[in-house]
Amino acid sequence: MRVRTGDPAAVPTAMPTGAPRWLPDAAHDDRALIGAKAANLAVARGRRLRVVDGFAVPVPVVDAHPTSPPDAVRAAWAELTDGGAAPVVVRSSAPGEDLAATSMAGVFESVIDVTGWDAFVQAYARVVASGRDAPMAVLVQRFVRPELGGVLFGIDPVTGRTDRAVIVAVEGGPHRLVSGEVEGRRAVVDHAGRVRDADGDPGPTLTGAQRRHLLALSRRAQRTFGGPQDIEWAIVDGHLLLLQSRPITTTAAVGTGPVLGPGPVAETFPHPLTPLEQDLWVAPLAEAAAHVLALTGAATRRRLRQGPVITVVDDQVAADLGLLGGATAHGWARRALDPRPHVRRLVVAWQVGRLRGALPALADRLLAEVDGALSSVPPPSTLTDVDLVRVLDNASSYLRSLHGHEMLAGTLLADVGTTGAEAAMAAVAHGRSQGWSDDDIVARSPVALALTAPTLGHRHPLPEVGDAVPPSEELPVREQLRLRVRWVHELTRSVVRELDRRLTERDLLTGTSVADLGRGELLLALDGMRVSGTRSGAAVVPLPPAFRLSADGAVVAEARDGAPDAVGAGGGRGTGRVAFEEPAVGDVLVVRSLDPGLAPLLPRLAGLVAETGSPLSHLAILAREHGVPVVVGHRRIRDLVAPGDVVVVDGRSGTVEVLGSPTGQAIR
């Protein structure tokens, strides 16, 4: 077997058509001719990394799909195989393969353990044809029979942690792993080679020395290629070999900052909100929450500067669970762990004590003021544009006050008695018994609005309530404040619908409605400028119960307690209907294994769930590149979902949640 070392300075700028290029002589060749896979191995060989000997056949110049290799290849094949005695691996090396932006992992053909010229010609034709309409270079290497093989990621591609590497090992070569045929034994290791997490099939467990050698290989490859690498490796006769190295094209978003969740605000805003709903309703709520937390000493100003207490993520409202989601320490533990200085605690206690005594009277005055303001607003159709905008601004001010007083009442007052929902159910039951329409019920008994979520569009229908019993007690202060919040929402709805009618008549809305505008865009439209909405129209994926945001605003679900059977393989989060075969656009495909033949389906999927497989398989890598969330190793998935179920797939936490299930919990 000839080992080429070559002088890079002597490499010609052009090569004869079809002339094979030996590794590492091809290190400086044009990657458009020999492909990134062959070029990367040539560079690695030139840097004295252990790479299996071989050669690259350049992209065909005339025929993109030749049925046989060029004549010049036979001599190189004979030299590599000792006259045809040794087997080879025939691999794709497309110009667009193994690049920093896209790996195209597993898309093209590779044929292993090829012995004899006739078999080589057939394998060569298969690999070239797998390029379909694109030219294909071919990489030919001696076939080795590893004791162990696998995949090594220089960083954790699922969590995005750069202080971790992921090693998956299988017996034999890595081809069964990357094809998704087997899961392998997966280990997450730190930079010293210590195992921090492990899962997958019972299989080979690498020694500490083997893990350290793999990490050393990862570091050398990263220095060679300028970034973390996705490496296929093998151990042959005790020697660690580099079979392939390519940039890690996708990593999961890393969540930072406070833990958020919809729980504390889901009752007020259970549905996605339009841009104008966010501006008119969420902003006053967020300002009120921050003010109350500071006033009661529940949060320092420094803590409040870390991020908004209440925010909007993917058109859905979420709250800082650390501030509004309930504390984990109670009683003596909470007092003992209170970090506030003693003097500050005394000041806060004094403020809160005075506030508790004054709050009922303050709330009564606010309720009377809001009721007076609501009853004094003329029909929107009789107001000028300027007056309508003034009503919206005043409504925002009242919402800040109402939300603030309502939060204080919930914190400081022992409000018990009838709830707004009970009073609303009684009103709806009475109206239905009289044969009234929903509009008539709301007009006669506005308390019924407590049963519907606010919207600037068509009002949600009132629910069926059966024979509700009329409440026997007056609404407590907190419930009265919450009811006024809902009435102010309804006032803004009537104003916005009038503005929508006027701007539509003036032809100032470009294929949109006022609700899809931000407040600034609304003012521009009222000044005579044509505007269009900002909503994407994409399907909304429900927020997880707890999550953080990455630097670019992506939702990163917090891992649930306990070790799930399934493993998240990245790709974000998605929702769609379950399909076991022949998925439609937007479906979640559930399969038994990550068959590489599924690659063409990926762009149309909202998610992919497999009973077996590894996060480091070719198909999982491709799915991440397409932004398709993937969960692998979910052995019970076909028992828990059926075709047509609507599910949310979380590629980080490894959960698959059925929307509307009786438990509402994630499937494990």
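1. Two strands count as paired if DSSP finds at least two bridges between them. Helices (H or I, at least four residues) and strands (E, at least two) are DSSP runs, numbered from the N terminus. On these terms, one open sheet has five strands in the order E13-E14-E12-E15-E16, with antiparallel pairing.

2. The model is predicted: local features need pLDDT of at least 70, side-chain atom pairs count only at pLDDT 80 or more, and totals for chains, interfaces and linings use all residues. Residues are numbered from 1 along each chain as its sequence is written, and side-chain values use heavy atoms, with hydrogens and water left out.

3. At the edges of this sheet stand strand E13 (310-313) and strand E16 (555-557); each has a single partner strand, so one side of each lacks a neighbour in the sheet. Neighbouring strands are turned by 45° against each other on average, direction ignored.

4. Four antiparallel bridges join E13 to strand E14 (residues 316-320). Val 313 has Gln 316 in E14 as its bridge partner. Helix H6 (residues 275-295) packs on the sheet and touches E13 and E14 (contact: heavy atoms within 4.5 Å). The direction of H6 makes about 145° with that of E13 (axes are lines fitted to C-alpha atoms, for helices over the stretch in contact; angles run from 0 to 180 degrees between N-to-C directions).

5. Another open sheet of five strands runs E1-E2-E5-E3-E4, with antiparallel pairing. Its edge strands, E1 (21-22) and E4 (110-114), each pair on one side only.

6. Within that sheet, E2 (residues 54-57) and E5 (residues 137-142) pair in the antiparallel sense over four bridges. Gly 54 stands opposite Gln 141 in E5. Helix H2 (residues 71-80) packs on the sheet, touching E1, E2, E3 (88-93) and E5, and its direction makes about 165° with that of E2.
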